[in-house]
Amino acid sequence: MSDQDSSASASQTEGEMEEEMNGEVEGGGERDEKHRDSPAPSLSSFSSSLHAVIRIKQKYQAMKKRRQEMALGLGAAGAIAGAIAGAPTRTSPRIFTFDGLTPSSFPAQSSSVPQKKKRRRRKRVLFPNRGGCRPPPKQEQSRAKYCLYLLFAIVFIQVYNAIENLDDHVLRYDLEGLEKTLRREVFGQQGAVEGLLSHLKDYLSTYVHNKPLVVSLHGPSGVGKSHLGRLLAGHFRSVVGDTLVLQYYVLHHCPQEADALKCAGDLSAVISEMVERAEEEEKIPLFIFDEAEHMHDEILDALWQLVASKQSNEYLNAVYLFLSNLGHAHITKHMLHNSSSISMALTASGRHSNLVKELTPILRNSLEKLHLLWTEADVLPLGLLEKGHVMECFLDEMTREGFYPDHTNIERLAGEIEYYPEVGGREYSRTGCKQVVAKVNLL
């Protein structure tokens, strides 16, 4: 049922009720006129009028009740139909009165006018007047920073102590004094001296090692190999003691080849005893093997076992120095053929660095063919001595023996030495300084 049908039925019902009411009123009016026309109302006519008024009232109430019931029924049916069709529910008409209306019930503005959204205004934060604006709050620092600073300080102290301990360990061997002695006593081999001291400083800076230090010095006869070994032995005896330094001369300790196996066993026992004593004293022993070119294979094998094999810790803290003229032919040939190409402006260390760079691969290849011991060694070649170096040897020896160092006499003695042909403005001695002591003794 639609809204138009319900409104039409409601209006029809209201029209019928008005017609009935009009008919009742007209009937009552006709009766009143009849009563007026009658000459005098009686009690029976008054009672009939009262009954008529009561019936009209009852009929009006019945019609009013029926109308309300019909309106309720139509409203319920319209609500169901609107819910199904999606239309809004129709309610019964209300009688407009001015009762219950208040000024607050009227809207302040028309719904057609869009309301402007009020913008909330932020309240300003006011601070008390204490000599100006209040400073911003300070950011709190984390306490972990202090722990980090403490950790940095501890690490710095540990590293500093470790460096100081390294310095103390190096100072025990007085390498500065050794350097001064070698530069003063060894002539013409400044480059080799610097290389040897560099190896010693790197190795002696700490006590714990993963392998022993093995250095092999090679050069022709008379260039100062044995003299360098004696200087090293004397210096280490003064700093670590006589019991931790061994000078082994093959031609003196084991001259016979038949005794080579026994000599190898005795040498291994001596080295073991020395390294054990050095381990107790926390020192590093020194083993010098002069004239290594005369060493027998049994001795070389015993030394190679001590140097190359995985021994205990005390065998790793040791210095082995080999002195020999092995490879002297390569050194002599190289210096004579390349002296003209070597610049005179180069220092002794510069010339030696070139010599080491060019000769080390050649010497190592030839030495490894002789024995595996030299595969574990750092090779340092010693070059030929010039005429000026020989004159320095004469000056030093004459001073030791108490002779007056006459320059003319020194030149005469140096001229008696046999030299190679002059190459590149240099005269190299064939025997080095080996004959210096004998000639000074003849004075």
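Tutor: Helices here are DSSP runs of H or I with at least four residues, and strands are E runs of at least two, numbered from the N terminus. The model is predicted.

Student: What does the secondary structure of the protein chain come to?

Tutor: There are 15 helices and five strands in the protein chain.

Student: What makes Lys201 and Glu179 a salt bridge?

Tutor: The criterion is a side-chain nitrogen of Lys or Arg within 4 Å of a carboxyl oxygen of Asp or Glu. For Lys201 and Glu179 the N to O distance is 3.8 Å, so the pair meets the cut-off of 4 Å. Lys201 belongs to helix H5 (residues 190-204) and Glu179 to helix H4 (residues 175-185), 22 residues apart, and the pair thus links distant parts of the chain.

Student: Why is Lys201 called partly exposed?

Tutor: Buried means under 20% relative accessible area and exposed means over 50%, with partly exposed in between. Lys201 has 37% relative accessibility, so it counts as partly exposed.

Student: How do you know that Glu194 and Arg183 form a salt bridge?

Tutor: Their closest N and O atoms are 3.4 Å apart, which is within 4 Å, so the pair qualifies. Glu194 lies in helix H5 and Arg183 in helix H4, so this salt bridge ties together parts that are 11 residues apart in sequence. With relative accessible areas of 32% for Glu194 and 35% for Arg183, both residues are partly exposed.

Student: What makes Glu386 and Arg426 a salt bridge, and is Arg426 buried or exposed?

Tutor: Their side chains meet at 3.4 Å, N to O, and that value is within 4 Å. Glu386 sits in the loop between strand E5 (378-381) and helix H13 (387-401), while Arg426 sits in the loop between helix H14 (407-415) and helix H15 (436-441), so the pair ties together parts 40 residues apart in sequence. Arg426 has a relative accessible area of 3%, which is under 20%, so Arg426 is buried.

Student: Which residues do salt bridges with shared partners join into one network?

Tutor: Glu179, Arg183, Glu194 and Lys201 are joined in that way. The structure holds 13 salt bridges.

Student: Why is the aromatic pair of Phe289 and Phe322 called stacked?

Tutor: Rings pair if their centres lie within 6.5 Å, and planes under 30 degrees apart count as stacked. The centres of Phe289 and Phe322 are 5.1 Å apart and the planes differ by 15 degrees, so both conditions are met and the pair is stacked. Phe289 is in strand E3 (residues 286-290) and Phe322 in strand E4 (residues 319-324), 33 residues apart, so the pair links distant parts of the chain.

Student: How do you know whether Phe289 and Phe322 are buried or exposed?

Tutor: Phe289 has 0% relative accessibility and Phe322 has 1%. The values are under 20%, so both rings belong to buried residues.

Student: Which residues do ring pairs link into a cluster?

Tutor: Tyr248, Phe289, Phe322 and Trp374 form that cluster. The count of aromatic pairs comes to five.

Student: What puts the buried residues of H4 on the same side?

Tutor: Leu175, Leu178, Leu182 and Glu185 are buried in H4. They cover an arc of only 100 degrees around the axis, so they lie on the same side of H4. On the other side of H4, Glu176, Lys180 and Arg184 are exposed.

Student: What makes strand E1 mostly covered?

Tutor: Six of the six residues of E1 (residues 213-218) are buried. Leu213, Val215 and Leu217 point one way, Val214, Ser216 and His218 point the other way, and all are buried. In a regular strand the side chains alternate between the two faces of the sheet.

Student: How do you know that E1 and E4 pair?

Tutor: Two strands pair if DSSP finds at least two bridges between them. E1 and E4 have six bridges and run in the parallel sense, so they satisfy the minimum of two. Val215 stands opposite Leu321 in E4. E1 is also joined to E5, in parallel, by four bridges, with Leu217 opposite Leu380 in E5.

Student: Why is strand E2 called mostly covered, and which strand is paired with E2?

Tutor: Four of the five residues of E2 (residues 245-249) are buried. E2 pairs with E3 in the parallel sense over five bridges, and Gln247 stands opposite Ile288 in E3.

Definitions and conventions:
Residues numbered from 1 in each chain as written. Predicted model: local features only at pLDDT ≥ 70, side-chain atom pairs only at ≥ 80, totals over all residues. Heavy atoms only, no water. Buried < 20%, exposed > 50% of the residue type's maximum accessible area, 1.4 Å probe, protein only. Phe/Tyr/Trp six-rings, centres within 6.5 Å; stacked < 30°, edge-to-face > 60°. Arc of directions from axis to C-beta.
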